[in-house]
Every structure is written in C-alpha cells, then in structure tokens.
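Colleague: Could you take me through how to read the fold, the nonpolar cores and a few single residues here?

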Amino acid sequence: MDIKVLGPGCRNCRRLADHVDQALASAGIDATVEKVEDIERLVSYGVTSTPALMVDGELVMAGRVPAPSQIVELLRGRA
Amino acid sequence: VHVLTVPRPVVRAWAPVLAAAAIWVVLYRGILPFWDWVVYDALGLEAGTRLGGAVHFFFYDVSKLLLLLGAAVFVVSVLRSFLSVERTRALLGGRRTALGTVLAALLGASTPFCSCSAVPVFIGFVSAGVPLGTTFTFLVASPMVGPVAVAMLYGLFGLPIAALYVATGLVLAVVAGTLIGRMRLERFVEPFVYETTLRQGIDPSRGLTWADRFTIGRDEVVDIVQRIWPYLLVGIGLGAAIHGWVPEDFFARAAGPDNPFAVPLAVLLGIPLYTNAVGVVPLIGALHAKGLALGTLLAFMLSVVALSLPELILLRRVLRLRLIVTFVVVLAVAIVATGLLFNALFGAATLTP
C-alpha cells in the first residue's frame, strides 16, 4: 500500500502523519508513507483543503485530522 | 399519534454534547463566586487592594475566557464542518460582482482552513476563476474574523465591541479586496497558478455524521486550547500587571486620540508581531485603561491578526514581491484609516464591559 500525506508542512500535517504512523502500527498494515509538501504537487493532486491523505494514487480524505482508529478503518476499507 | 423518532446514532452523538453544555453553563455561572471565595476568603486578600484586584482579575479572566473560547471554537468548528474550501470556491467562481466580494468576506470568516493552507487555497481559487480581489478578501477575512478573536473580545469587552469588531473586519476585507481587484495586478501572480488545471478533489464537508462533526469540534477545542494557553496566561498576566501598576494616563500624552502618528506606528509594530487575538486582546483592555486610544488599539489588533509575516513569506511562492508589497500597503493603509476614524469618532469613549 502506498500512502501519501499531503500538506505544506504545518502543524496539522504533522499530526496527520503521526496518526497515520500510529494507525499502521496498531493495525499491522504494511505500507510506504510519503510526505508531500510541495505546493504544486499538492494542487496537481486536486488538494486545496489540507492536510489530505492519498492511498494508492487516490485521494481518500481532505481537510481534517482523523483519529488513528478512523484511519485504520479507512485503510482497511481499501485493503 | 405521530411520534417523533430520532435515530439512535444521532441521540448517541448529541447526548454527551448536551451534557457538556449543561456542565458548561454551571461552570460559567460558578466561576465568579468561586474566585471571589478563593481570593478574598481562602487567601484572605483585600478586595480593594492592587494585589487582591490583580490576582482576582487574573484567575477569573483566565477561567472565563477559557470557557468562552472552548464554547466558541466548538460551536464554530461544528458549523464550519458543513462548509469547505471546495464548496466556497464553487460559490464564488465566476462572480465578478461586488456581491461576490461581500460573499467572500462572509465565507472567509466561516470557511475552515488553517493559515498554512493559504497558498493551496489561493491557487485553488484563482485557477477556478475566482477573481484576484475576491480571493484576497477571503484570505483577509479568514484570520481577522475568527471565533477566537470574537470570543476574546466578547469575554473582555462585551457584545457591542465584539460586534463592532466583526463588522469592521468584514468591511476592511471587502475594501482591501475591491481595491486590489481594481488595480489589475493579475500579471504579478506566478504564471504556474494560471496554468494549473484543477483535478476534482475531495469535499471534506460531505459524508460526515453528527458524531464526526462533534469529534472535529472537540479535537479543534483541544488543539486550540493546547496551542493558546501560554498566550492567554501571558496576555492576561501582563494585562493584570498593567492594570495594577502602570500609572493612570501613562499613554494619554504620547499616544492619545489626538496624536495622528500613534495609529500608523501601532500598525507597523503589529506586522512583525505574530501572535493571535488571545495574546493581544487582554493587553488592549489594560492599555486602554491607561490612556491609549481605542482606534489605535483596534488598528494594532487588526495589524497583528491580519498581517502576519510568516503567511506573507508563504504567499511569496505564488505571488511576485510587487503584489505582496501592494497587498500589505493596501491593507495597512486601510487599517490606519480605520484606526484614525475610530479615534475621531470615539476618541473619548471608554471600554467597559
């Protein structure tokens, strides 16, 4: 699974990245996590509400920081 | 008989919120007698003295403002979860009218986005065909008229001042955006912004349950309180110290309503000062009591909240320096004019809650 955490590097983006790490650890999901901070790339993915989450090339969440348990559900739904 | 049935998940989501609201009311009514008792009875400080007054002011105001901030941030975050940058953009796209700019100010005050996403929001708006001036109106209104600023003003100065501030902020945002729109500065936007084609994104306001929205509200309250409590303590602490120990009319001669240079100076001071309304509002009350004019203080607060150096540096990625400078000058001049107007109108007025 390929996960991208999208956001310009602000506080909420770091929180989202933390929550993703916690979610992966607690659910035992194997994934590569990449942080994308470059604005032009963000916009090219269709993101204007940050932070956002992309899984296997598809945008799944934007504009908030879900709890780790909600991220697990999100990822399980796609596995 | 028709019986109104509410779905179970809705009940389960609302029950803790209503319980919390009830506890909130009890606390809000209880803090004044509580701190009266602690400071004057348990600690035995005299009510009329400097120390007694300052200690009471500090504890009572900190707890009152924390309660007000918590409630304001929660309510606004839950309401905001129904709006999104995507929805707002769709509402504003292609509106080249004054109405579009007014709408942008109102939406800017209510659409959720953190200042660090100013740049993606800017690109999203401009590439979706929202006029440049309207986009600036949105970006100005958003930090200036937030729940934190309004809750602080309400808590310390009461409803009329808070309402006056909101109206002033919205008008300023509309005026600054309209002026920038008239100047035809589109060529100073980095070209890649116009070359961006927007892919369909995700609208964060859709597909949320009440429980999700309340969780967003709760998380936001926790996050904001964690972030601002040092500012609150320092702001109220300094305010209490100024109240107690700076002589009356200390500023009246140097920076009273008659000194025209006080306002521009306050605005200049406010640009590099990057704090939020939480740190500034308590100081405003204290400084006003010592003779600083209302308009000067309003200009200072607007400048601190609306013109922030870090955000300007971020905007450099999409705007040429000339446009950034124009934006700062237009907004600063508008704020100075507002300050001077308020000094002329309410020069002798006093702020009392």
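Modeller: We start with chain A, go on to the cores, and end with two residues of chain B. Keep in mind that this is a predicted model.

Colleague: What is the secondary structure of chain A, and in which order do the elements run?

Modeller: Chain A has three helices and four strands. Read from the N terminus, the order is β-α-β-α-β-β-α.

Colleague: How does the radius of gyration of chain A stand against that of a compact globule?

Modeller: The general idea is to compare the value with a rule that depends on the number of residues. For 79 residues the rule gives a radius near 12 Å, and chain A has 11 Å, so the two agree. Along the principal axes, the C-alpha atoms of chain A fill a box of roughly 30 × 25 × 15 Å.

Colleague: What share of the contacts in chain A joins residues 24 or more positions apart?

Modeller: Counting contacts with a separation of 6 or more, the share is 65%. As for burial, 51% of the 79 residues of chain A count as buried. The exposed area of chain A is about 3,400 Å², with 42% of it supplied by carbon and sulfur atoms.

Colleague: How far apart are the mean positions of the positive and negative charges of chain A?

Modeller: They are 6 Å apart, taken over 9 positive and 11 negative charges.

Colleague: Now the cores. Which residues touch the most other members of the largest nonpolar core?

Modeller: In soluble globular proteins, nonpolar side chains tend to be buried together. Here the largest nonpolar core has 107 residues, and those touching the most other members are A:Leu6, B:Phe122, B:Met152, B:Met301, B:Val318 and B:Leu319. Helix H16 of chain B, residues 321–346, gives the most to this core, with 11 residues. A second, separate core has 16 residues, including A:Leu16, A:Ala27, A:Val55 and A:Ile71.

Colleague: What does B:Val318 touch, leaving out residues up to four places away in sequence?

Modeller: The partners of B:Val318 are B:Val119, B:Phe122, B:Ile123, B:Val189, B:Glu190, B:Phe192 and B:Val193.

Colleague: Is B:Ile313 buried or exposed?

Modeller: The cut-off for exposed is over 50% relative accessible area. B:Ile313 has 59%, so B:Ile313 is exposed. This residue lies in helix H15 of chain B, residues 309–315. From B:Ile313 to B:Ile324 the sequence separation is 11 residues, and the C-alpha atoms are 9.1 Å apart.

Colleague: And why does B:Gly70 count as buried or exposed?

Modeller: Buried means under 20%. B:Gly70 counts as buried because its relative accessibility is 17%. B:Gly70 is part of helix H2 of chain B, residues 50–80.

Methods. Residues are numbered from 1 along each chain as its sequence is written. Chains are lettered from A and ligands numbered from 1 in the order in which they are written. This is a predicted model: local features need pLDDT of at least 70, side-chain atom pairs count only at pLDDT 80 or more; totals for chains, interfaces and linings use all residues. Side-chain values use heavy atoms; hydrogens and water are left out. A nonpolar core is a set of buried Ala, Val, Leu, Ile, Met, Phe, Trp, Tyr and Cys residues joined through side-chain atoms within 4.5 Å. Buried means under 20% relative accessible area, exposed over 50%, partly exposed in between (1.4 Å probe, protein chains only). Contact means heavy atoms within 4.5 Å. The radius of gyration is taken over C-alpha atoms; the globule rule is 2.2 Å times the number of residues to the power 0.38. Accessible areas come from the Shrake-Rupley method with a 1.4 Å probe; for residues, only the protein chains shown count as cover. Lys and Arg count as positive and Asp and Glu as negative; His and the chain ends are not counted. The place of a charge is taken as NZ of Lys, CZ of Arg, CG of Asp or CD of Glu.
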